[in-house]
Structures are given as structure tokens and as C-alpha cells.
Amino acid sequence: MLCPDCGYEFSNVGPNKYVKKLSEDLEALSHQTNHRSNPLIELLDPMGIHDAQAKVKALARLEARFIANYPLPMTKEDCIETLNFILPKLAFIGSNAATFSWKNKYDAIIKKMELEAIGNAKMQEIVKCYKEQGKISGFATFAIWFKSLSDGAKVGIIFGLFYLIVFIVMGVLLAQEY
């Protein structure tokens, strides 16, 4: 089967084993997280509002770690299929903690494919196309990174920036007095 856009020939047409296994593992992780319960939270929050929010955050953090530790695909077909699987997830920049891991995984696959494409003009063109599609702005990258941090780390960074700004303003004011 040939791609109509770039002419790449797919040899193993059918369900991609790597993406299928990744999806199954993510589904199992989600199922496992949704069936955990904290009795103390149930007692304090009988409606389950806090518990539901906590589960969403916990799942995003678990998913982020899972994605970061998941091995890279080995074949060209798996790499391309995985990039196609990840690309829509990059559209929701900063939506949860896992977005940063998806972006890192995407970039790692691109780097792997760039090394494999040395001397292969057709493959280099495919990699260039995916590299362009996966680009996001510097601010969006910062937003993804910041969103992936724990609440305590976010508070620490905000307080650090606040004190840095106060220190700079005080230095400017003192310099103007002399």
C-alpha cells in the first residue's frame, strides 16, 4: 500500500501492533485508576466531587509517567503509525500533565527517525513533514511543562518569581535614590 501524499510504501498494512499495545496498556492503566477508591475521601465527600477531580489528576500523572517510560517503536511503520497516534494529542496543549510526555515521546521518535533516514531522501522528507506538524510555540511548550508539575512545585515557582520581581524592583528603587 502506497501513501498518496508522499509515496511511502507500507509493508505491514493492518492493525499496528505497537500502537495497539500502547492503547491497550493505556486503557488498562485508566481502568485500574478508575477502580481505586480512598475511603477517607468517600467519608468526607459523599457526592464524589473531589474524588472525581483527584482521579482525573492522578490518571494524568500516571499516564505521563507511563508514556515517558514506554519504549520507542522499532520499525519505520510503527514509528509513523505512532506519530499519527500522538499528533492529535498535541492539539490539546496543556490540557493535562500527560501532554508534556506525549510531546517528548513525539520528539524522541522524530530524532530516532532522523538517524534512520540518513541517506534516504524519501524517508527524510517524511520525517521533515512530521517534524513540521509536531511543532508548537515556545510558550506552549512552557505551558505544557508547567501543567505537568505538581501543585507544590507550581506554588514554589510562583513564590520564587514573586520574590525575584520584588528584589529587582527594590534594587531599581534603591538605585534611583542614590
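Is Asp107 buried, exposed or partly exposed? Asp107 is partly exposed, and its relative accessible area is 28%. Bear in mind that this is a predicted model.

I start with Asp107 because its side chain takes part in a salt bridge with Lys103, at 3.0 Å from N to O. The partner, Lys103, counts as buried, since its relative accessibility is 11% and the cut-off for buried is under 20%. Both residues sit in helix H5, which covers residues 98-116, and they are four residues apart there, so about one helical turn separates them.

In general, side chains of opposite charge can pair when their charged atoms come close. The count for this model is five salt bridges. I will go through two others.

The next one also involves helix H5. Glu114 forms a salt bridge with Lys131, and the closest N and O atoms are 2.7 Å apart. Here the partners are in separate helices: Glu114 belongs to H5, while Lys131 belongs to H6, residues 121-133, so this pair ties together parts that are 17 residues apart in sequence. As for exposure, Glu114 is partly exposed with a relative accessible area of 31%, and Lys131 is partly exposed too, at 40%.

Then there is Glu132 with Lys135. Their side chains meet in a salt bridge with an N to O distance of 3.2 Å. Glu132 has a relative accessible area of 46% and is partly exposed. Lys135, at 55%, is exposed, because the cut-off for exposed is over 50%.

Now to helix packing. Two packed helices are described by the angle between their axes and the distance between the axes. Helix H4, residues 76-86, and helix H6 have axes that come within 11 Å and cross at roughly 20°. That angle makes H4 roughly parallel to H6, because angles under 35 degrees count that way. The crossing of H4 past H6 is left-handed.

Last, the surface. Which residues form a nonpolar patch there? They are Val155, Phe159, Phe162, Tyr163, Ile165, Val166, Val169, Met170 and Leu173, and together they have about 870 Å² of accessible area. Take Ile165 as one of them. Ile165 lies in helix H8, which runs over residues 151-177, and it is exposed, with a relative accessible area of 53%.

To recap the charged pairs covered today: Asp107 with Lys103, Glu114 with Lys131, and Glu132 with Lys135.

How values were computed
Residues are numbered from 1 along each chain as its sequence is written. This is a predicted model: local features need pLDDT of at least 70, side-chain atom pairs count only at pLDDT 80 or more; totals for chains, interfaces and linings use all residues. Side-chain values use heavy atoms; hydrogens and water are left out. A salt bridge is a side-chain nitrogen of Lys or Arg within 4 Å of a carboxyl oxygen of Asp or Glu. Helices (H or I, at least four residues) and strands (E, at least two) are DSSP runs, numbered from the N terminus. Buried means under 20% relative accessible area, exposed over 50%, partly exposed in between (1.4 Å probe, protein chains only). Patches are made of residues with over 30% relative accessible area and no salt bridge: like charges are joined within 9 Å, nonpolar side chains (Val, Leu, Ile, Met, Phe, Trp, Tyr) within 5 Å. Accessible areas come from the Shrake-Rupley method with a 1.4 Å probe; for residues, only the protein chains shown count as cover. Axes are lines fitted to C-alpha atoms, for helices over the stretch in contact, and angles run from 0 to 180 degrees between N-to-C directions. Angles under 35 degrees count as roughly parallel, over 145 as roughly antiparallel, 65 to 115 as roughly perpendicular and the rest as oblique. A crossing is left-handed if the near helix is turned anticlockwise from the far one by less than a right angle, and right-handed if clockwise.
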